[in-house]
Amino acid sequence: MIELQSKNDIEKISYEILKGSKSLDIFPTPIDKIVSYAELTVNSGIDLSKIHPSYLSRASDTLKKALGKLQGVLDREEKIIYLDLSVHTSKQKFVKLHEVGHNVLTWQQKTYDAFEDDESTLDVAVQEEFEKEANYFASATLFQQDRFLSEMNKYGLEIEAAIQLSKHFGASIHATLRRYVEYSKKRCALIVLKDCTSCGAKLRDKFQSQSFTKTFGELSVPTEIDIVYPFIQDYYLKLKLKKDGLVSLPTKNGSVDFRYHFFDNTYNAFVFLFPMGEKKSTRTKFIISAK
Ligand SMILES: [Zn+2]
């Protein structure tokens with residue numbers, strides 16, 4: 001967890017940038033305006049996923065280090081962001097804001113000349129303080145802080161709410177669902193799955209709302225989840241969207257029956273869980289076609 005004080009500092013800087021770049025209340029969040037307001041440029045002529053060794057002899061030292069599975073590099077001296085252009089555009093947006101974060105968080109400015117980011121530094125579970133802060137900045141800016149909450153409150157407890165919000169802000173489903181669950185006042189949780197086979201699937205991420213954790217404790221979900229779980233069967237059957245799921249899971253209060261909504265966006269499968277009877281009123285109708 002980031003300390004409250006630095007969270008407040010990050011939010012303040014994020015808000016000033018959203019305001020200064022005239023991005024506040026513009027949807028989807030205009031990332032490129034924010035990047036140029038921060039006096040950075042994205043070099044789209046170089047794709048981190050396609051760096052050829054022959055190129056490296058002519059490249060700067062910063063770029064030479066950019067081998068491996070990097071998704072973003074900030075060359076602070078040159079004020080340039082390099083990206084892995086093979087990843088989904090919504091992921092690239094997040095990486096851009098993460099690099100902006102390294103550049104604008106004043107206490108990070110006197111440290112490294114370059115930041116190199118891969119799956120691990122961009123992951124929510126990252127331990128390094130500067131990376132956590134850059135991720136927090138990216139999320140706060142992408143979702144325009146309290147604008148996310150006011151948009152979110154227009155919807156009921158529905159997986160489609162998060163899908164709709166992801167379109168509204170121009171964010172990935174993964175990042176939006178995570179924020180949705182973490183900011184929800186209702187009891188809900190999210191299980192993110194990957195790599196489905198006939199035996200089971202892997203747990204990629206798990207998030208819970210505060211009130212969910214208060215009632216049920218931390219859900220214990222194994223890292224390899226067996227095909228006996230109904231949502232793993234949904235995943236294996238390649239369902240795109242399902243909203244009438246029921247599953248029994250062990251909690252600190254013993255076994256509890258949960259409702260779940262299932263969604264597969266082809267990169268990951270998302271299982272949005274909430275206890276039976278959790279209020280799920282909605283004023284908004286959704287039109288999402290199932291394959
Ligand atoms: Zn970073």
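This is a short walk through a predicted model, taking its two sheets, its zinc site and some of its aromatic rings in turn.

I will start with the sheet of 6 strands. This sheet is open, and its order is β7-β6-β5-β10-β9-β8, with antiparallel pairing. At the edges stand β7, residues 224-226, and β8, residues 241-251. Each of these has a single partner strand, so one side of each is left without a neighbour in the sheet. From one strand to the next the twist averages 40 degrees.

Within that order, look at β5 and β10. Strand β5 covers residues 189-194 and strand β10 covers residues 269-275; the two pair in the antiparallel sense over 5 bridges. If you want a place to put your finger, isoleucine 191 stands opposite valine 271 in β10.

Two helices lie across this sheet. Helix α8, residues 159-169, lies across β8, β9 and β10, and runs at about 40 degrees to β9. Helix α9, residues 173-183, lies across β5, β6, β9 and β10, and its angle to β6 is about 45 degrees.

How many of the residues of α8 are buried? The count is 8 of its 11, so this helix is mostly covered. Among the buried residues of α8 are Ile159, Glu160, Leu165 and Phe169. The cover over them includes α6, α7, α9, β8, β9 and β10. After α8 comes glycine 170, with a positive phi, near 75 degrees.

Helix α9 is also mostly covered, with 8 of its 11 residues buried. Its buried residues include Ile173, His174, Tyr180 and Arg179. Please keep Arg179 in mind for the part on rings.

Now the other sheet. This is an open sheet of 4 strands, in the order β1-β3-β2-β4, and its pairing is mixed. The edge strands are β1, residues 41-47, and β4, residues 114-118. Each has a single partner strand, so one side of each is left without a neighbour in the sheet. Neighbouring strands here are turned by 20 degrees against each other on average, direction ignored.

Strand β2, residues 70-75, runs antiparallel to β4, and 5 bridges join them. One residue pair to look at is leucine 70, whose bridge partner in β4 is aspartate 118. Helix α5 packs on this sheet and touches β1, β2, β3 and β4. The direction of α5 makes about 30 degrees with that of β2.

That helix takes us to the metal. Which residues coordinate the zinc ion? They are His98 and His102, each through NE2, Asp117 through OD, listed twice, and Glu131 through OE, at 2.0 to 2.6 Å. In sequence, the spacing of the donor residues is H-x3-H-x14-D-x13-E. Histidine 98 is in helix α5, residues 89-104, and glutamate 131 is in helix α6, residues 129-142. These two are 33 residues apart, and the pair links distant parts of the chain.

Are histidine 98 and glutamate 131 buried or exposed? Histidine 98 has 0% relative accessibility, so it counts as buried. Glutamate 131 is at 7%, and therefore counts as buried too.

Last, the rings. A pair of aromatic rings is described by the distance of the centres and the angle of the planes. The model has 12 aromatic pairs. One of them is phenylalanine 143 with phenylalanine 148, at 4.9 Å centre to centre and 70 degrees between the planes, which is edge-to-face. Phenylalanine 143 has a relative accessible area of 1% and is buried. Phenylalanine 148 is likewise buried, at 1%.

Another pair is phenylalanine 231 with tyrosine 260. Why is this pair called edge-to-face? The centres are 5.7 Å apart and the planes stand at 90 degrees, so the pair falls in that class, for which the planes must be over 60 degrees apart. Phenylalanine 231 lies in helix α11, residues 230-236, and tyrosine 260 in strand β9, so the pair ties together parts that are 29 residues apart in sequence. Phenylalanine 231 is buried, with a relative accessible area of 1%, and tyrosine 260 counts as buried at 0% relative accessibility.

Back to the phenylalanines for a moment. Phe27, Phe143, Phe148 and Phe169 form one aromatic cluster. Phe169 was among the buried residues of α8. And here is the arginine from α9 again: arginine 179 lies over the face of phenylalanine 148, at 5.7 Å from the ring centre.

Key: Residues numbered from 1 in each chain as written. Predicted model: local features only at pLDDT ≥ 70, side-chain atom pairs only at ≥ 80, totals over all residues. Heavy atoms only, no water. Pairing = 2+ DSSP bridges. Axes fitted to C-alpha atoms, helices over the stretch in contact; angles between N-to-C directions. Contact = heavy atoms within 4.5 Å. Phe/Tyr/Trp six-rings, centres within 6.5 Å; stacked < 30°, edge-to-face > 60°. Buried < 20%, exposed > 50% of the residue type's maximum accessible area, 1.4 Å probe, protein only. Lys NZ or Arg CZ within 6 Å of the ring centre and 35° of its normal. Donors = N, O, S within 2.8 Å, 3.2 Å for Na, K, Ca; no water.
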